[in-house]
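Grab your viewer and work through the exercises below. Try each task before you read its solution.

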Amino acid sequence: MANTFTQIHLHLIFAVKFRQSQIQREWKDKLYKYTTGIIQNNGHKVLIINGMANHIHILIGFRSTQALADLMRDIKQMTSLWINENKFTKGKFAWQEGYAAFSYGQSQLPTIIKYIENQEEHHKKRTFLEEYKEFLKLFDIEFDEKYIFKDPE
């Protein structure tokens with residue numbers, strides 16, 4: 001769109017279904033590259049992507065030409081299909097419903113980039129669920145514990 005200027009930086013967080021540790025070191029870099037391609041094909045810019053065996057963090061420069069919900073749907077659907085087609089996991093791979101997205105200003109980017117880079121270090125001290133709740137509290141987002149993540153039935 002002519003004469004439309006935006007600077008939107010979003011930190012996206014989403015988990016493997018039931019927070020199971022299914023993302024393996026042997027193929028996580030391939031997953032990150034594939035995910036980066038999906039984001040770039042939708043016109044956005046990946047600043048950093050990293051995570052743990054049960055979740056992913058992505059910091060993007062978001063273009064206002066697409067709804068965030070549509071981008072997240074594309075990322076989760078396409079990566080699930082790709083993981084299953086490549087038989088990277090035993091059984092069917094799926095992402096947990098929902099996601100978190102937080103916005104950051106330009107001056108905050110170095111701090112959040114360092115945070116995402118150091119995921120393994122952070123998770124020596126706290127679980128993913130603890131981390132997730134900390135973000136929700138930090139951004140003053142109300143939540144009900146029973147709806148944060150679905151547990152196996």
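**Exercise 1. Find what serine 64 touches beyond its sequence neighbours, and place the residue in the fold.**

Step 1: leave out residues up to four places away in sequence, and serine 64 touches Thr4 and Thr6, where contact means heavy atoms within 4.5 Å. Before going on, a word on the ground rules: this is a predicted model, so local features need pLDDT of at least 70 and side-chain atom pairs count only at pLDDT 80 or more, while totals for chains, interfaces and linings use all residues. Residues are numbered from 1 along each chain as its sequence is written, and side-chain values use heavy atoms, with hydrogens and water left out.

Step 2: serine 64 sits in the loop between strand 3 (55-62) and helix 2. Helices (H or I, at least four residues) and strands (E, at least two) are DSSP runs, numbered from the N terminus.

Step 3: with 36% relative accessibility, serine 64 is partly exposed. Buried means under 20% relative accessible area, exposed over 50%, and partly exposed in between (1.4 Å probe, protein chains only).

Step 4: pick glutamate 120 as a partner, and the C-alpha to C-alpha distance from serine 64 is 32 Å, with the two positions 56 residues apart in sequence.

**Exercise 2. Work out how helix 1 and helix 2 cross, and what lines their contact.**

Step 1: two packed helices are described by the angle between their axes and the distance between the axes. Axes are lines fitted to C-alpha atoms, for helices over the stretch in contact, and angles run from 0 to 180 degrees between N-to-C directions.

Step 2: the axes of helix 1 (residues 25-41) and helix 2 (residues 68-85) come within 10 Å and cross at roughly 140°. That makes helix 1 oblique to helix 2; angles under 35 degrees count as roughly parallel, over 145 as roughly antiparallel, 65 to 115 as roughly perpendicular and the rest as oblique.

Step 3: the crossing of helix 1 past helix 2 is right-handed. A crossing is left-handed if the near helix is turned anticlockwise from the far one by less than a right angle, and right-handed if clockwise.

Step 4: on the helix 1 side, the contact holds Trp27, Lys30, Leu31, Tyr34, Thr35, Ile38 and Ile39. Facing them from helix 2 are Leu71, Asp74, Ile75, Met78, Thr79, Trp82 and Ile83. The contact residues split into 10 nonpolar, two polar and two charged (Ala, Val, Leu, Ile, Met, Phe, Trp, Tyr, Cys and Pro count as nonpolar, Asp, Glu, Lys and Arg as charged, and the others, Gly among them, as polar).

**Exercise 3. Count the aromatic pairs and describe the geometry of two of them.**

Step 1: rings of Phe, Tyr and Trp (its six-membered ring) pair if their centres lie within 6.5 Å; planes under 30 degrees apart count as stacked, over 60 as edge-to-face and the rest as tilted. This rule gives 10 aromatic pairs.

Step 2: tryptophan 27 and phenylalanine 88 are stacked, at 4.9 Å centre to centre and 5° between the planes. The pair links distant parts of the chain, 61 residues apart: tryptophan 27 is in helix 1, and phenylalanine 88 is in the loop between helix 2 and strand 4 (100-104). Tryptophan 27 is buried at 4%, while phenylalanine 88 is partly exposed at 23%.

Step 3: tyrosine 34 and tryptophan 82 have ring centres 4.8 Å apart and planes at 10°, so this pair is stacked. Tyrosine 34 in helix 1 and tryptophan 82 in helix 2 are 48 residues apart. Here tyrosine 34 is partly exposed at 29%, and tryptophan 82 is buried at 14%.

Step 4: one aromatic cluster is formed by Phe102, Tyr104, Tyr115, Phe135 and Phe139.

**Exercise 4. Compile the surroundings of phenylalanine 14 in strand 1.**

Step 1: phenylalanine 14 is buried, with a relative accessible area of 2%.

Step 2: neighbours within four places aside, its contacts include His55, Ile56, Met72, Trp95 and Tyr99.

Step 3: phenylalanine 14 and histidine 57 are 43 residues apart in sequence, yet 7.0 Å apart in space, C-alpha to C-alpha.
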